[in-house]
Amino acid sequence: MVKEQELYNRLSVSPTASDSEIKKAYRKAALKYHPDKPTGDTEKFKEISEAFDILSDEKKRKIYDQFGLEAARRGGPQFDGDTDMGGMGGAGGNPFGGAGGASFNFHDASNIFEQFARAGGMGDDAGGFHFSSSGFGGSPFGGMGGMGDMPGGMGGMPGGFGRGHSMEPEVETQQINLGVSLEDLAKGCTKKMKLTRKGPSGTKEEKIMEINIKPGWKEGTKITFKNEGDWTPSGRNTIQFILQEKPHPNFKRDGNDLIYTLPLTFKESLLGFDKIVENVDGRRIPLSRTMPVQPTSEQVYPGLGMPISKTPGQRGNLKIRYKVDYPLTLTPEQKQAINQFF
């Protein structure tokens with residue numbers, strides 16, 4: 001029985017998970033939440049990296065299971081005197097290579113990911129990520145320094161990576177909301193944004209950013225540009241654009257599907273109609289009915305919705321919903337006709 005399960009929940013594994021299951025879960029989550037990805041989430045990335053840092057190390061995991069997260073962050077629970085903690089050693093000497101209570105930041109998460117990727121943990125998916133080009137002490141992991149001498153070092157590298165202390169100040173991520181029309185999200189486009197940023201001398205400078213939007217991207221997608229923001233002593237900040245879908249007068253997006261509400265007169269709902277609807281990608285779609293239409297009915301056209309970005313060539317559905325314009329009043333003649341024929 002473990003004291004708490006928060007770190008296991010972060011990786012979506014059980015407390016009895018094996019080392020290979022923990023590595024597999026971290027790989028999956030890191031590929032999803034890494035800030036270089038469209039689905040990136042910096043906070044989530046830090047959380048799953050800290051979970052992997054502790055659970056992939058046998059000693060840290062043993063401390064976490066017995067005493068909880070704060071004890072694992074400190075390298076062990078605090079004891080008075082020479083209590084031996086069941087053979088695990090007191091916290092004062094911190095024999096586990098932990099961070100000694102230091103807060104877990106984005107550089108820690110990036111270092112863990114970089115070590116994991118360079119050690120082959122990401123397989124063929126390691127490409128396309130940004131890694132530091134500056135190594136320390138000839139380290140093959142770039143930016144991490146010598147393994148044994150780093151505070152919170154590799155700890156014998158039993159399958160996990162100690163996080164160590166940050167070697168340089170952390171740059172910030174400047175987030176900018178980018179409004180995009182449904183038409184642009186359907187077809188894909190390139191947006192140009194002129195940014196005003198702070199230069200090395202403190203003066204303002206302009207930078208034109210080109211944002212390539214792929215067909216099918218959804219609201220909330222993040223596009224990250226490193227070293228393009230305001231200048232700081234530790235380097236330029238990161239610029240991150242967050243897609244915001246602009247409201248459309250006719251269409252509503254539901255995942256990969258498009259919903260179009262088609263207004264019909266009372267006569268059209270009874271006798272049928274022939275209409276043309278222009279889709280968000282510019283295609284003209286003929287709609288025809290010869291039978292009465294129920295006010296709450298829906299007609300589905302497969303493959304005419306939004307492109308699915310992860311599976312090129314496939315699209316969602318177009319759903320036509322009908323809005324019947326019922327008359328507010330009827331003439332005596334209309335009432336007679338209804339009584340006669342219905």
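What share of the 342 residues of the chain counts as buried?

## The chain as a whole

The answer is 41% of the 342 residues. The model is predicted, and its chain holds nine helices and 13 strands. The exposed surface of the chain comes to about 18800 Å², with carbon and sulfur atoms supplying 49% of that area.

Contacts can also be sorted by how far apart the partners sit in sequence. Among contacts in the chain with a separation of 6 or more, 56% are between residues 24 or more positions apart.

## Helix H3

Helix H3 covers residues 42-55 and has 14 residues. At 1.5 Å a residue the helix should span 20 Å, and its end C-alpha atoms are 20 Å apart, so the expected and computed values agree. At the N-terminal end, Asp41 acts as a cap for H3: one of its side-chain oxygens lies 3.1 Å from the backbone nitrogen of Glu43.

Ten of the 14 residues of H3 are buried, so the helix is largely enclosed by the rest of the structure. The buried residues include Phe45, Ile48, Phe52 and Leu55, and also the charged residues Lys46, Glu50 and Asp53. What do the buried residues of H3 pack against? Their partners are helix H1 (6-11), helix H2 (19-33), H4, helix H5 (69-74) and helix H6 (106-118).

## Arg61, a buried charge

Arg61 is found in helix H4, which runs over residues 58-67. This residue is buried yet has no salt bridge. The nearest side chain of opposite charge belongs to Asp19, 4.0 Å away.

Arg61 does have a polar partner: its side chain and that of Tyr8 are joined by a polar contact of 3.0 Å. Leaving aside residues up to four places away in sequence, Arg61 touches Tyr8, Pro15, Thr16, Ala17, Asp19, Ile22, Ile54 and Leu55. Two of these, Ile54 and Leu55, are among the buried residues of H3.

## Salt bridges

Side chains of opposite charge can pair when their charged atoms come close. How many salt bridges does the count come to? The count is 18. Some of the charged residues are linked in a network of salt bridges, made up of Glu6, Arg10, Glu50, Glu70 and Arg73. Glu50 of this network is also one of the buried residues of H3.

In other places the text can follow single pairs. Asp184 and Lys191 meet through their side chains in a salt bridge of 3.1 Å, N to O. Asp184 has a relative accessible area of 19%, so it counts as buried, the limit being under 20%. Lys191, at 23%, counts as partly exposed.

## Pairs between strands

Lys194 and Glu206 form a salt bridge of 3.9 Å, N to O. Lys194 lies in strand E2 (residues 189-198) and Glu206 in strand E3 (residues 204-213), so this pair ties together parts that are twelve residues apart in sequence. Both Lys194 and Glu206 are exposed.

Glu205 forms a salt bridge with Arg236, and their closest N and O atoms are 2.6 Å apart. This pair links distant parts of the chain, with Glu205 in strand E3 and Arg236 in strand E6 (residues 235-236), 31 residues apart. Is each partner buried or partly exposed? Glu205 has 24% relative accessibility and counts as partly exposed, whereas Arg236 has 15% and counts as buried.

Methods
Residues numbered from 1 in each chain as written. Predicted model: local features only at pLDDT ≥ 70, side-chain atom pairs only at ≥ 80, totals over all residues. Heavy atoms only, no water. Helix = DSSP H or I, 4+ residues; strand = E, 2+ residues; numbered from the N terminus. Buried < 20%, exposed > 50% of the residue type's maximum accessible area, 1.4 Å probe, protein only. Polar contact = N/O pair within 3.5 Å; in protein donor to acceptor, adjacent residues only side chain to side chain. Contact = heavy atoms within 4.5 Å. Expected span 1.5 Å × (residues − 1). Areas by Shrake-Rupley, 256 points an atom, 1.4 Å probe, with all protein chains shown as cover.
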